[in-house]
Amino acid sequence: MPDRPQQLDELFQRLQTATAPLEIEALQQGIWQLWLETDDVALNKRLESGMRALSAEDYTRAIADFGWIVEQHPTYAEGWNKRATAHYLRGEYRASLLDIARTLRLEPRHFGALSGKATILRMVGDDRGALRTLRRLSQLCPHLPGLQTQLHDLQRRLDNPDTQ
């Protein structure tokens, strides 16, 4: 059985050529599953607790749980990504962007972090930054449903700022 990095590489390679929405979704789910897998019982418990807190909209608890993860396991990209999500949901965009940057340093192909970053950049009015981020995302998954439309719309807005 191939190791996690090899499995991720294979899934990402298939994601670049996948065109069917259900296939893209299945590949992304496979990648998420590998990102979430750990062999550390304490880490898994905190991850589960943080994800339950996110679902319950208890963002303070989620940030605490994911904060423990990034302190104890600073090379675990998904800990940073989950904390970024909690910060985003609490409206703390700067903190979210900082955690997204850490996520992307550890896993440059993290499509969830790239998507979140583009969303935040658009929300704060940085259309150029959002466009750059979406272009990076399109290198990973060019046929992601809706992505090409977003790229086109952002490019058109930047090319014609008076028509907004």
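Is arginine 83 buried or partly exposed? Arginine 83 is buried, with a relative accessible area of 17%; buried here means under 20% relative accessible area, exposed means over 50%, and partly exposed is what falls in between, with a 1.4 Å probe and protein chains only. Before going on, keep in mind that this is a predicted model, where local features need pLDDT of at least 70 and side-chain atom pairs count only at pLDDT 80 or more, while totals for chains, interfaces and linings use all residues. Residues are numbered from 1 along each chain as its sequence is written, and side-chain values use heavy atoms, with hydrogens and water left out.

Let's stay with that arginine for a moment. The side chains of arginine 83 and aspartate 99 meet in a salt bridge at 2.7 Å, N to O (a salt bridge is a side-chain nitrogen of Lys or Arg within 4 Å of a carboxyl oxygen of Asp or Glu). The pair links distant parts of the chain, since arginine 83 sits in helix H5 and aspartate 99 in helix H6, 16 residues apart. Helices are DSSP runs of H or I with at least four residues, numbered from the N terminus. At 4% relative accessibility, aspartate 99 counts as buried too.

The whole structure holds 12 salt bridges. Another of them joins the side chains of arginine 4 and glutamate 37, at 3.2 Å from N to O. Arginine 4 lies in helix H1 and glutamate 37 in the loop between H2 and H3, so this pair ties together parts that are 33 residues apart in sequence. Arginine 4 is partly exposed at 29% relative accessibility, and glutamate 37 is partly exposed at 32%. Add Asp39 and you get a network of salt bridges linking Arg4, Glu37 and Asp39. Further along the chain, arginine 157 and aspartate 127 meet through their side chains at 2.5 Å, N to O. This pair links helix H9, home of arginine 157, with helix H8, home of aspartate 127, across 30 residues. Aspartate 127 counts as buried at 9% relative accessibility, whereas arginine 157 is partly exposed at 29%.

Now for the greasy side of things. In soluble globular proteins, nonpolar side chains tend to be buried together. A nonpolar core here is a set of buried Ala, Val, Leu, Ile, Met, Phe, Trp, Tyr and Cys residues joined through side-chain atoms within 4.5 Å. The largest such core has 31 residues, and those with the most contacts inside it are Phe12, Leu15, Ile31, Trp35, Phe111, Leu134 and Leu137. Helix H1 (4–17), H2, helix H6 (93–106), H7, helix H8 (127–140) and helix H9 (147–159) each supply at least two residues of this core. Leucine 15 touches Ile24, Leu27, Gln28, Ile31, Phe111, Leu140, Cys141 and Pro142, leaving aside its neighbours within four places in sequence; contact means heavy atoms within 4.5 Å. Glutamine 28, in helix H2, is buried with a relative accessible area of 15%. With the same neighbours left aside, glutamine 28 is in contact with Leu15, Phe111 and Leu144.

Aromatic rings come next. Rings of Phe, Tyr and Trp (its six-membered ring) pair if their centres lie within 6.5 Å, with planes under 30 degrees apart counting as stacked, over 60 as edge-to-face and the rest as tilted. By this rule the count is 6 aromatic pairs. In one of them, the rings of tryptophan 32 and phenylalanine 111 have centres 5.7 Å apart and planes at 90 degrees, so the pair is edge-to-face. Tryptophan 32 lies in helix H2 (residues 21–36) and phenylalanine 111 in helix H7 (residues 111–123), so the pair ties together parts that are 79 residues apart in sequence. Both tryptophan 32 and phenylalanine 111 are buried. Ring pairs also link Phe12, Trp32, Trp35 and Phe111 into a cluster.

Finally, take a look at helix H4. Its buried residues are Tyr59, Ala62, Ile63, Asp65, Phe66, Gly67, Ile69 and Val70, and what covers them includes helix H3 (41–55) and helix H5 (77–89). Isoleucine 69 is buried with a relative accessible area of 0%. Not counting residues up to four places away in sequence, isoleucine 69 touches Leu43, Arg46, Leu47, Pro74, Tyr76 and Gly79.
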